[in-house]
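This report goes through a single protein chain, moving from its aromatic rings to its helix packing and then to the chain as a whole.

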Amino acid sequence: MSTAIESEKKASFFTKLYTGTGAFDIVGKRRMYYLATGVIVVIAILGILIPGFTFSIDFKGGTQVSFPVGSSAVDTAKVRETVRSSTGIEPAAVQTAGTGAAQTYQVSLSELDNDQITKARDALYQTFQPPGRDGQPAKNSISFSGVSSTWGDQITQRGLLALVVFLVLVTAYIAARFREWDMALAALASLFFDVIVTAGFYAWSGFEVSPATVIGLLTILGFSLYDTVVVFDKVDENVRGVLHTTRRTYAEQANLAINQTLMRSINTTVISALPIISLMVVAAWLLGVGTLMDLGLIQLVGVVIGTYSSVFFAAPLLVTLKERRSQYREHTAKVLARRENAATGDTAAAAVVLDRAPARPRTKRARHSE
């Protein structure tokens, strides 16, 4: 009996999800989602402030040391100590990339001169005996690549410029697309939420910030904007002429629009996340291309956060902004008063409330029938 009830509840849940009849009261519980959004933002900001970002040498300049792990157990602490004792410089980051025979150590530190490179290569070779292509220990399997600080500054400036240009273009598009400052403001707030939260969770992960990270961030911002536009388009369609009727409030119509696009948002997220997960599993784990992990991670986090912000933050925030206007507050009061009168059987009072609603313009067919 209990199994039948549980299956009925599950079927009912998925039926409501697919039909989009407004069964999920997202707008009505927006205070709860605002609280959840605030908690997420706090966690993200703490990630930016406490561990902070670890920038790759592409941004700050420096030297990248790479060599295969071999058959020995991974010991990043020993690698750090070996590099520090041989060069006198504390590595900024020591991590591994890939798996199995393709697994390598990746060490990032400030710029080294030729003497320091020679000492570091000798010390790493003596300590770890990294294998070459034939499987035998080979000193030339330890590679050093350097980026000057000037080049790193240029990359940083270009990355910031790309982000600023993107945000300016998005602002102009939203303002022209929706023609309402309420929608534009809610969409921009959702966009900035996505930037902060994605950056914060990326900081908590400890991955290096590389040019691929910036590209991934710009990509997921485009996805977030797309999902917000889809939801707002449906809201705009549902609330058209809402002030001329007392059947539903603006909040109820907006909540119906969210429900009607909820399944589409979920499907889009799943379809977008599957290739990203494949990228992370196949390229980074199976093939050992560790440089793609940062791109995959920031895109995966951004896609999930972008969907959350479109449904549970941007749309409810739009309703909150609308209800600050007097005409929407008055309309909500009329709808609630009419329902209360109808529930108590006071049909005369309900009719008065209905008569006070702004009259909708008569169509040509209505005038002809008169």
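In this predicted model, a cluster held together by ring pairs takes in Tyr 33, Phe 193, Tyr 308, Phe 312 and Phe 313. The aromatic pairs number 10. One of them joins Tyr 33 to Phe 312, with a centre-to-centre distance of 4.8 Å and 40° between the planes, a tilted arrangement. Tyr 33 belongs to helix H2 (residues 30-49) and Phe 312 to helix H10 (residues 293-322), so this pair links distant parts of the chain, 279 residues apart.

The two rings fall on either side of the 20% limit for burial. Tyr 33 has a relative accessibility of 18% and therefore counts as buried. Phe 312, at 22%, is partly exposed because its value is not under 20%.

Another tilted pair consists of Phe 67 and Tyr 105, whose ring centres lie 5.0 Å apart with the planes at 40°. Why is the pair tilted? The angle of 40° is neither under 30 degrees, as stacking would require, nor over 60, as an edge-to-face pair would require, so the pair is classed as tilted. Phe 67 is part of strand E2 (residues 62-68) and Tyr 105 is part of strand E4 (residues 104-109), so the pair ties together parts 38 residues apart in sequence. Phe 67 is buried at 1% relative accessibility, and Tyr 105 is buried at 0%.

The table lists the relative accessibility of residues discussed in this report.

| Residue | Relative accessibility | Class |
|---|---|---|
| Tyr 33 | 18% | buried |
| Phe 312 | 22% | partly exposed |
| Phe 67 | 1% | buried |
| Tyr 105 | 0% | buried |
| Ser 210 | 9% | buried |
| Asp 233 | 30% | partly exposed |

A charged side chain also meets a ring: Lys 78 is placed over the face of Phe 128, 5.9 Å from the ring centre.

Turning to helix packing, how do H7 and H8 pack? Helix H7 (residues 181-205) and helix H8 (residues 211-238) have axes 10 Å apart, at an angle of about 145°. The crossing of H7 and H8 is right-handed. On the H7 side, the residues in contact include Met 183, Ala 186, Leu 191, Val 195 and Tyr 202. Their counterparts in H8 include Leu 217, Ile 220, Leu 221, Leu 225, Phe 232 and Val 235. Polar and charged residues take part as well, among them Ser 190, Asp 194 and Thr 198 of H7 and Thr 213, Ser 224, Thr 228 and Asp 236 of H8. By class, the contact between H7 and H8 comprises 12 nonpolar, 5 polar and 2 charged residues.

Helix H8 also contains Asp 233, which is partly exposed at 30% relative accessibility. The C-alpha atoms of Asp 233 and Thr 261 are 9.8 Å apart, while the two residues are separated by 28 residues in sequence.

Ser 210 sits in the loop between strand E6 (208-209) and H8. Which residues does Ser 210 touch, not counting those up to four places away in sequence? They are Ser 56, Phe 59 and Asp 294. With a relative accessible area of 9%, Ser 210 is buried.

For the whole protein, the secondary structure amounts to 13 helices and 6 strands. Of the 370 residues, 42% are buried. Contacts between residues at least 6 apart in sequence join residues at least 24 apart in 74% of cases.

Definitions and conventions
Residues numbered from 1 in each chain as written. Predicted model: local features only at pLDDT ≥ 70, side-chain atom pairs only at ≥ 80, totals over all residues. Heavy atoms only, no water. Phe/Tyr/Trp six-rings, centres within 6.5 Å; stacked < 30°, edge-to-face > 60°. Helix = DSSP H or I, 4+ residues; strand = E, 2+ residues; numbered from the N terminus. Buried < 20%, exposed > 50% of the residue type's maximum accessible area, 1.4 Å probe, protein only. Lys NZ or Arg CZ within 6 Å of the ring centre and 35° of its normal. Axes fitted to C-alpha atoms, helices over the stretch in contact; angles between N-to-C directions. Left-handed = near helix turned anticlockwise from the far one by under 90°. Contact = heavy atoms within 4.5 Å.
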